[in-house]
Amino acid sequence: MSPAELGLRPTVDPGRTDWRQGLSRGLIFTDLLVLVWVVFGVQIAWFGFDSAHVAFQGSLDDLAVSYSAVSVILILAWMLILKIYDTREARIIGAGPTEYRLIADASLRLFGLVAIISFLFQINLARGYILVALPTGVAVLVLSRWLWRQWLGVKRQTGDYSARVLLVGSENSVKHLRTELARHPEEGYHVVGECWVGPARGPASHRSVPVYLHLDTVERAMVETRADTLVITSGDELTPGNIRRLSWMLDGERHQLIVGASLTDVAGPRIHTRPVAGLPLIHVEVPRYDGPKHVGKRVFDIVGAAVLIVLLSPLLLALAVAVKASSRGPIIYQQERIGLNAQSFMMYKFRSMRVNADDELNALLAQQGKGELPLFKVDNDPRITRLGRFLRKHSLDEFPQLFNVFTGSMSLVGPRPQRLGEVKLYDDAAKRRLLVKPGMSGMWQVGGRSSLSWEDSLRLDLFYVENWSLIGDIIILWQTVKAVAAPGDGAK
């Protein structure tokens, strides 16, 4: 009897997954190109073009090797450790901060190993050569991967270079996961089929992807949809034994098995896995809203706001003159907003509307039927001045909020500050926005700005409240600079 007849081999057609190998080969080529350019460039910059004759001495009298040989060994070791740390794995490629962190960790460990070997064998390597090669190599590698990520993001919008996913679970859990994956096609998960287990309330026909019913159809679904990734969500029929049997159908070289926890909007640093008695338990850190992290955030806000106020003072003065000259009214517009712990404060902006514009708000909202949502946004707002439209498009009207940040009522990054009338419409979920200070910028600023619906704006703000970090704030600020410099259709 053959192994297949015994059920010891996967029975699912593996399909074609050549894009992973092709992508990995492309990364090998660009990584090698980067490291050759960096390491030999540093060698030439440090020793000149006669570096082939520059030797370093070890503890053995006959040890004399040129730095060209050292550079070759360093490049090969660097390539190897990038492979060991899985930086070219399909699940890592395009993952952004996770990918960059792995590259930095692998590089630091390599150079730590070089330092240990040099110390143990008393090998005198030029310190400048090492100290320049490490940060330069990491920086250029990260830049290379960032360029790859931009290219992948474009390709993955149409499902290319993405895992072909079959979702398995209850109708509701599958629908939820499909929606979340569709929000972020750049992550590389393209849903090609669904298998609903348990009672199905909606029709399985007229769907954009094939829908299968019952757990027994998973194997056929994998073959017919040519799925290479099986994602299991939740459902009464998905017992540990059934999940194990599903894994037996897969080819470990060509297929992936992913078990999705019933968690949403939880960032990676809060999640830790720990095997206990054969069970992969997931530990999720509960957010804290005080302590050293928040002290660090406040220091960052003070220093950042002070530096920006000084650097932007000529622009602030020019904008003030332009606002004063363009229309009648004060230069600075002040409005009561609700901040941390539902405390009110006066928020400052360059005036972008005509005088007494607030008195017209309720009538305009009622006219457009938008007075019942906690996001008072008027389409084609007639109250905005000609200069005000330009200021808003490029977020220049927000600059006076730097003084709110410096005095402590706002942060550089945080949820959108809202009016009292909007806050009165909050449900319990929306009230969590008030657990951190509102921000000059935030995920809403880089995620769509004025084009965002209330639901999308709330989702982004809650994700920030639950998962913020100082590194995340820096990334958002950098993305804000790009969004302001090149505003899209969402900037109004």
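A residue counts as buried when its relative accessible area is under 20%. In this predicted model, Asn-467 comes in at 13% relative accessibility, so Asn-467 is buried. Asn-467 sits in helix 14, which covers residues 454–467. Its side chain also finds a partner: the side chain of Asn-467 reaches the backbone oxygen of Phe-463 at 2.9 Å.

Stepping back to the whole chain, the protein has 15 helices and 13 strands. Of its 492 residues, 41% are buried. The chain exposes about 27100 Å², and carbon and sulfur atoms supply 61% of that area. Then there is the question of who touches whom. Taking contacts between residues at least 6 apart in sequence, 70% of them join residues at least 24 apart.

Next comes a sheet. Five strands make up an open sheet in the order 5-4-3-6-7, and the pairing is parallel. At the edges are strand 5 (211–213) and strand 7 (256–259), each of which pairs on one side only. On average, neighbouring strands of this sheet are turned by 25 degrees against each other, direction ignored. Helix 6 (residues 218–225) packs on the sheet, where it touches strand 3, strand 4 (189–196), strand 5 and strand 6. The direction of helix 6 makes about 155 degrees with that of strand 3. As background, strands of a sheet pair through backbone hydrogen bonds, in either a parallel or an antiparallel way.

Strand 6 is a good place to look at the pairing up close. Strand 3 (residues 163–169) and strand 6 (residues 229–232) run parallel and are joined by four bridges. One residue pair to look for here is Val-165 with its bridge partner in strand 6, Thr-229. Strand 6 also pairs with strand 7, again in the parallel sense and over four bridges. There, Ile-232 has Val-259 of strand 7 as its bridge partner.

What about the two faces of strand 6? In a regular strand, the side chains alternate between the two faces of the sheet. In strand 6, Thr-229 and Val-231 lie on one side, while Leu-230 and Ile-232 lie on the other. These four residues are all buried, and both faces of the strand are covered.

Now for the nonpolar cores. In soluble globular proteins, nonpolar side chains tend to be buried together. The largest nonpolar core here has 27 residues, and Trp-78, Phe-111 and Tyr-129 have the most contacts inside it. Helix 1 (18–47), helix 2 (67–84), helix 3 (97–120) and helix 4 (127–156) each supply at least two residues of this core. The largest share, eight residues, comes from helix 2. Trp-78 is worth a closer look: not counting residues up to four places away in sequence, Trp-78 touches a list of residues that includes Leu-35, Val-39, Leu-110, Phe-111, Ala-133 and Leu-141. Apart from this core lies another one, of 17 residues, with Ala-221, Leu-230, Leu-238 and Leu-250 among them.

Leu-402 offers another view of the inside. Leu-402 is found in helix 11 (residues 401–407), and it counts as buried because its relative accessibility is 2%. Leaving aside neighbours within four places in sequence, Leu-402 is in contact with Ala-305, Leu-308, Ile-309, Leu-312, Leu-412 and Met-440. Gly-304 is 98 residues away from Leu-402 along the chain, yet their C-alpha atoms are separated by 8.9 Å.

Finally, two loop residues have a backbone angle to check. Tyr-161 is not a glycine, but it has a positive phi of about 50 degrees. Tyr-161 is in the loop between helix 4 and strand 3. Is Tyr-161 buried or partly exposed? With a relative accessibility of 29%, Tyr-161 counts as partly exposed. Asn-341 is not a glycine either, and its phi is positive at about 55 degrees. The loop that holds Asn-341 lies between strand 10 (332–338) and strand 11 (344–350). Asn-341 has a relative accessible area of 51%, so it counts as exposed.

Key
Residues are numbered from 1 along each chain as its sequence is written. This is a predicted model: local features need pLDDT of at least 70, side-chain atom pairs count only at pLDDT 80 or more; totals for chains, interfaces and linings use all residues. Side-chain values use heavy atoms; hydrogens and water are left out. Buried means under 20% relative accessible area, exposed over 50%, partly exposed in between (1.4 Å probe, protein chains only). Contact means heavy atoms within 4.5 Å. Accessible areas come from the Shrake-Rupley method with a 1.4 Å probe; for residues, only the protein chains shown count as cover. A polar contact is a pair of N or O atoms within 3.5 Å; within protein, one must be able to donate a hydrogen and the other to accept it, and residues adjacent in sequence count only if both atoms are side-chain atoms. Two strands pair if DSSP finds at least two bridges between them. Axes are lines fitted to C-alpha atoms, for helices over the stretch in contact, and angles run from 0 to 180 degrees between N-to-C directions. A nonpolar core is a set of buried Ala, Val, Leu, Ile, Met, Phe, Trp, Tyr and Cys residues joined through side-chain atoms within 4.5 Å.
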